[in-house]
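Dear colleague,

I am handing over a structure that you have not worked with before, and below it you will find an account of what was found in it. Please read the account with the structure open beside you.

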Amino acid sequence: MRVGVSSSGGHLSTIRLRDIAAAGRHHEALDLFRHALRHSEPFLSVSSILPSAILSAAALSLSPAAAQLHSLALKSGLLPADPFVLTALLSAYSRLRLLPLACRLFDEVPSSAAPTSAFNALISGHALAPVSSPAILALFLRMRREAVPFDDVTLLALLPAAPPVAIPPLHGVAFRAALASVSSVSNCLLSCYSRVGAVDFARQLFDEMPDHRKDLISWNAMISCYAQNGLAHQVLDLFDTMEHSASVEPNAVTLIGVLSTCAYLGAHSIGRKIENYISQKPSFDSNTYLKNALINLHVRCGDLARARTIFDEMPQRTIVSWTAMIAGYGMHGHGEEALRLFDKMIEVGIRPDGIAMVSVLSACSHGGMADKGMWYFSSMKTAYGVVPSRAHYACVVDLLGRAGQLKEAWKLIESMPVEPDGPIWGALLGACKIHKNVELAELAFERVIELEPTNVGYYVLLSNIYSDAGRLDGVARVRAIMRQRGLKKDPGCSYVDHKGKVHLFMADDHSHPQAKNIYEMVLRLEAMVKNDSEMYGSKRKENLPLTGFHSEKLAIAFGLLNTEAGAEIVVIKNLRCSVLSGPLLKP
């Protein structure tokens with residue numbers, strides 16, 4: 001159908017409408033569309049301008065307008081034959097979260113007449129749905145069955161929404177279609193393998209990519225894959241490779257991922273090198289997300305002074321900035337300073353959210369300020385509009401428990417408006433360990449393992465409670481339950497950052513090149529503490545014992561051996577940091 005100035009005028013209107021819609025000026029695009037129809041420009045095809053109008057209506061969330069344009073397409077005889085109008089309508093209904101309408105429209109199209117773009121639009125619509133649907137794979141199988149060609153757009157919509165078991169087969173399909181070599185598809189596959197925890201597959205794909213196809217997105221995807229799956233050392237190794245061999249420079253996304261890893265490992269010196277790199281790039285130096293990552297790094301590594309300097313120098317601070325600094329003070333026992341900073345945050349007009357309130361309550365707990373913590377908890381809903389969640393209740397149970405108010409903590413759990421979860425009962429169990437309350441510990445343990453039966457930490461905690469109370473029968477019973485359920489305690493580990501390299505120590509670990517000297521240093525320290533030089537001499541004559549050496553002791557001994565007197569030794573253990581000052585002690 002044509003609406004009835006000259007053919008050149010109609011052509012220019014079409015181009016102008018497409019350009020305006022592509023530039024995101026959707027209100028103008030719809031106004032131009034209405035003007036074209038109202039003035040009946042000759043030689044202007046409705047089919048040439050309708051797709052842009054439909055997509056503009058969807059971008060503006062105008063469902064009635066999309067429906068009216070759908071009716072116009074039907075009256076003009078453009079459906080189902082016109083692939084551009086069909087695809088635009090499918091995309092519009094998908095964006096408007098009207099997927100049933102999109103499916104109904106698609107089903108009205110003969111299978112042989114549905115173009116690739118129409119399938120892509122509907123697959124994308126299913127991918128946008130909040131819950132993954134089996135229909136997305138069914139659509140792709142229908143494409144294959146009906147010999148409709150697929151392209152990289154198909155895979156980029158399909159892969160992120162596909163179930164984990166479908167990723168390797170889809171990778172194979174992409175490879176056979178020569179699409180796996182397309183950078184966007186390769187990067188999407190890297191992200192998908194990361195999402196499902198298939199790190200080895202991701203690394204194999206990454207290594208098989210030619211260097212000229214490894215763009216910044218590829219490196220970031222692989223770094224993110226390691227980070228998301230807890231492989232912190234691999235993150236630093238890959239970042240080092242990127243710096244020395246890659247033809248790309250890291251961006252803010254790269255650096256945030258690496259800084260988070262440095263914070264996790266306590267790799268302070270590496271983090272400081274990245275901080276220096278950031279300071280030399282004006283665009284990075286003003287990036288709030290990077291500044292927040294730096295605050296988190298220094299907080300985790302115990303350098304509160306540097307974290308506060310960065311915080312104070314920030315031209316703009318988000319709620320994340322304030323929360324990171326408040327959490328840092330609380331983590332290291334500076335509860336009063338954490339609360340002063342929280343009050344300052346309120347003064348400057350930053351409204352706290354749930355995470356900020358968790359940091360405040362945690363700071364009160366670690367700072368031994370039970371009364372202040374209870375005041376913040378009782379007033380957070382009325383004062384700040386934050387409804388207490390399970391995370392807040394867990395903080396308060398920990399707060400009361402540390403203060404020795406175990407009965408009050410139990411009563412709070414019993415009166416909660418929501419069902420308590422594992423961390424809440426775990427907080428009570430941890431408090432029972434502090435105050436050696438075996439009876440209440442047994443009750444808390446029964447509840448927590450109903451919710452988290454495979455969490456080894458709770459079994460170990462109860463075992464330690466029994467051990468402290470001299471209840472060897474209880475220790476044996478817990479160990480028997482663990483054996484019966486096939487549970488094993490993960491070995492503890494400690495990290496020390498020395499000259500830009502992170503040294504990892506596990507209990508009774510003899511793999512370090514300096515192991516002999518490290519163990520001798522531990523023996524010397526133990527003898528000094530017990531004031532028993534004969535014990536040290538007798539053990540040195542024997543073969544060094546292979547058991548009984550905690551990872552922290554080995555990490556500290558390594559630090560003493562490799563740092564100058566008076567230097568700080570930073571040990572990271574279970575995401576908590578201990579800062580020691582090296583004494584005048586050398587082997």
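Helix α11 and its surroundings

Helix α11 is followed by Gly197, a residue whose phi is positive, near 80°. Please keep in mind throughout that this is a predicted model. The helix itself covers residues 183-195, and its 13 residues reach 18 Å from the first C-alpha to the last, close to the 18 Å expected at 1.5 Å a residue. Its buried residues are Val185, Ser186, Asn187, Cys188, Leu189, Leu190, Cys192, Tyr193 and Ser194, and what covers them includes α9 (152-161), α10 (167-176), α12 and α13 (216-228).

One residue of α12 shows this covering in detail. Leu205 lies in helix α12, which spans residues 199-208, and it counts as buried because its relative accessibility is 6%. Leaving aside neighbours within four places in sequence, Leu205 is in contact with His171, Ser186, Leu189, Leu190 and Tyr193. For Leu205 and Leu189, which are 16 residues apart along the chain, the C-alpha atoms are separated by 8.4 Å.

Helix α26 and the cores

A second helix that can be described in this way is α26 (residues 422-435), whose 14 residues reach 20 Å from first C-alpha to last, close to the 20 Å expected at 1.5 Å a residue. Gly422, Ile424, Trp425, Gly426, Ala427, Leu428, Leu429, Ala431 and Cys432 are its buried residues, and they pack against α24, α25 (406-414), α27 and α28.

Leu428 deserves a second look, since it also appears in the description of the nonpolar interior. The largest nonpolar core has 172 residues, and those with the most contacts inside it are Leu50, Ile274, Ile295, Met325, Tyr376 and Leu428. Domain 1 (389-490) and domain 2 (493-585) both give residues to this core, so it lies between them. A second, separate core has 16 residues, among them Phe505, Val522, Leu554 and Leu561. Not counting residues up to four places away in sequence, Leu428 touches Val397, Leu406, Ala409, Trp410, Ile413, Leu440 and Ala444.

Aromatic pairs and charges over rings

The count of aromatic pairs comes to 13. One of them joins Phe377 and Tyr393 edge-to-face, at 5.2 Å centre to centre and with 75° between the planes. Phe377 lies in helix α23 (residues 370-384) and Tyr393 in helix α24 (residues 390-402), so this pair ties together parts that are 16 residues apart in sequence. Phe377 counts as buried at 11% relative accessibility, and Tyr393 counts as buried at 9%.

Another edge-to-face pair is formed by Phe445 and Tyr459, at 5.3 Å centre to centre with 85° between the planes. Here Phe445 belongs to helix α27 (residues 438-451) and Tyr459 to helix α28 (residues 456-468), so the pair ties together parts that are 14 residues apart in sequence. Both Phe445 and Tyr459 are buried. In addition, Phe342, Trp375, Tyr376 and Tyr384 form one aromatic cluster.

Rings also meet charged side chains in this model. The charged end of Lys214 sits over the ring of Phe206, 4.3 Å from the ring centre, and the charged end of Arg317 sits over the ring of Phe311, 4.5 Å from its centre.

Backbone details in the loops

Most residues other than glycine have a negative phi, and most peptide bonds are trans. Against that background, please look at the following places. Leu79 and Pro80 are joined by a cis peptide bond with omega of about 5°, and Pro80 is found in the loop between α4 (63-75) and α5 (83-95).

Arg97 is not a glycine, yet it has a positive phi of about 60°; its place is in the loop between α5 and α6 (99-107), and it counts as exposed because its relative accessibility is 53%. Lys436, which is not a glycine either, has a positive phi of about 55°. Lys436 comes just after α26, in the loop between α26 and α27, and at 56% relative accessibility it counts as exposed.

A last residue to locate is Asp240, which lies in helix α14 (residues 232-245) and at 38% relative accessibility counts as partly exposed. The C-alpha atoms of Asp240 and Ala135 are separated by 42 Å, with the two positions 105 residues apart along the chain count.

With kind regards

Key:
Residues numbered from 1 in each chain as written. Predicted model: local features only at pLDDT ≥ 70, side-chain atom pairs only at ≥ 80, totals over all residues. Heavy atoms only, no water. Helix = DSSP H or I, 4+ residues; strand = E, 2+ residues; numbered from the N terminus. Buried < 20%, exposed > 50% of the residue type's maximum accessible area, 1.4 Å probe, protein only. Core = buried A, V, L, I, M, F, W, Y, C linked by side-chain atoms within 4.5 Å. Domains from an automatic or database assignment. Contact = heavy atoms within 4.5 Å. Phe/Tyr/Trp six-rings, centres within 6.5 Å; stacked < 30°, edge-to-face > 60°. Lys NZ or Arg CZ within 6 Å of the ring centre and 35° of its normal. Expected span 1.5 Å × (residues − 1).
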